[in-house]
Amino acid sequence: MPLYLPGLNHFQMHVICTYHLDASDADEAGFHEYHYEYYIFQFSEGEESFFARSYTDEPHGAHFLNAEKAGRSRPLTTKDLGAPLFLEAQAYLRQAGKTELSWLSGKGNGYELLQNPVIQDPIKQQ
C-alpha cells in the first residue's frame with residue numbers, strides 16, 4: 001500500500017508483507033523448543049529495498065534488518081537512516097501502529113532505537 005508524505009515523496013513506495021512461522025517440531029506434550037511468528041515487510045522503490053521484521057507477540061515493535069539493491073543484500077549503515085525510502089518505510093510502520101522501531105546496526109545488542117522523526121514539508125518552510 002503506497003503512502004504519501006507531503007514534501008518527502010518523489011516516488012511510489014511498494015510494500016510487501018509476508019507472514020512467517022519458525023518453530024521446532026512439537027514434543028509429545030505439544031510444546032515446541034522454539035516458536036517464532038513474525039511478519040517481514042519489504043519496502044521498495046525501483047531496485048532499492050529495505051526489510052523489517054515485526055514479531056506477532058510484540059505488536060508495537062519492528063526492526064529494520066537489511067537493505068537490498070538490484071537483488072544484492074547488504075547490511076544497513078547510518079547513511080541509510082536518512083534515505084527517503086527508509087524514512088517513508090518508518091512512517092508506514094508508525095502509521096501501522098509500530099511505535100518502537102529499531103535497526104540492526106551491529107552495535108551493543110545488535111539493534112539501535114530509531115527516534116520518531118519530525119517530517120516537515122520543505123515547501124511550507126520559510
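1. Ser 24 counts as buried, because its relative accessibility is 13% (buried means under 20% relative accessible area, exposed over 50%, partly exposed in between, with a 1.4 Å probe and protein chains only). This is a predicted model: local features need pLDDT of at least 70, side-chain atom pairs count only at pLDDT 80 or more, and totals for chains, interfaces and linings use all residues. Residues are numbered from 1 along each chain as its sequence is written, and side-chain values use heavy atoms, with hydrogens and water left out.

2. Ser 24 sits in the loop between β1 (14-23) and β2 (35-45). Helices (H or I, at least four residues) and strands (E, at least two) are DSSP runs, numbered from the N terminus. A polar atom of the Ser 24 side chain lies 2.7 Å from the backbone nitrogen of Glu 33. Neighbours within four places in sequence aside, Ser 24 is in contact (heavy atoms within 4.5 Å) with His 32, Glu 33 and Tyr 34.

3. Ala 70 lies in the loop between β4 (61-69) and β5 (72-74). Its phi is positive, about 55°, though Ala 70 is not a glycine. Most residues other than glycine have a negative phi. Ala 70 counts as partly exposed, because its relative accessibility is 49%.

4. Now the interior. The largest nonpolar core (buried Ala, Val, Leu, Ile, Met, Phe, Trp, Tyr and Cys residues joined through side-chain atoms within 4.5 Å) has 19 residues. Met 13, Phe 41, Phe 43, Phe 50, Phe 64, Tyr 92 and Leu 93 touch the most other members. Two or more residues come from each of β2, β3 (48-55), β4, α1 (84-95) and β6 (100-104). The largest share, five residues, comes from α1.

5. Another core, of five residues, lies apart from the largest one; among its members are Ile 40, Phe 51, Tyr 55 and Leu 65.

Technical notes:
Polar contact = N/O pair within 3.5 Å; in protein donor to acceptor, adjacent residues only side chain to side chain.
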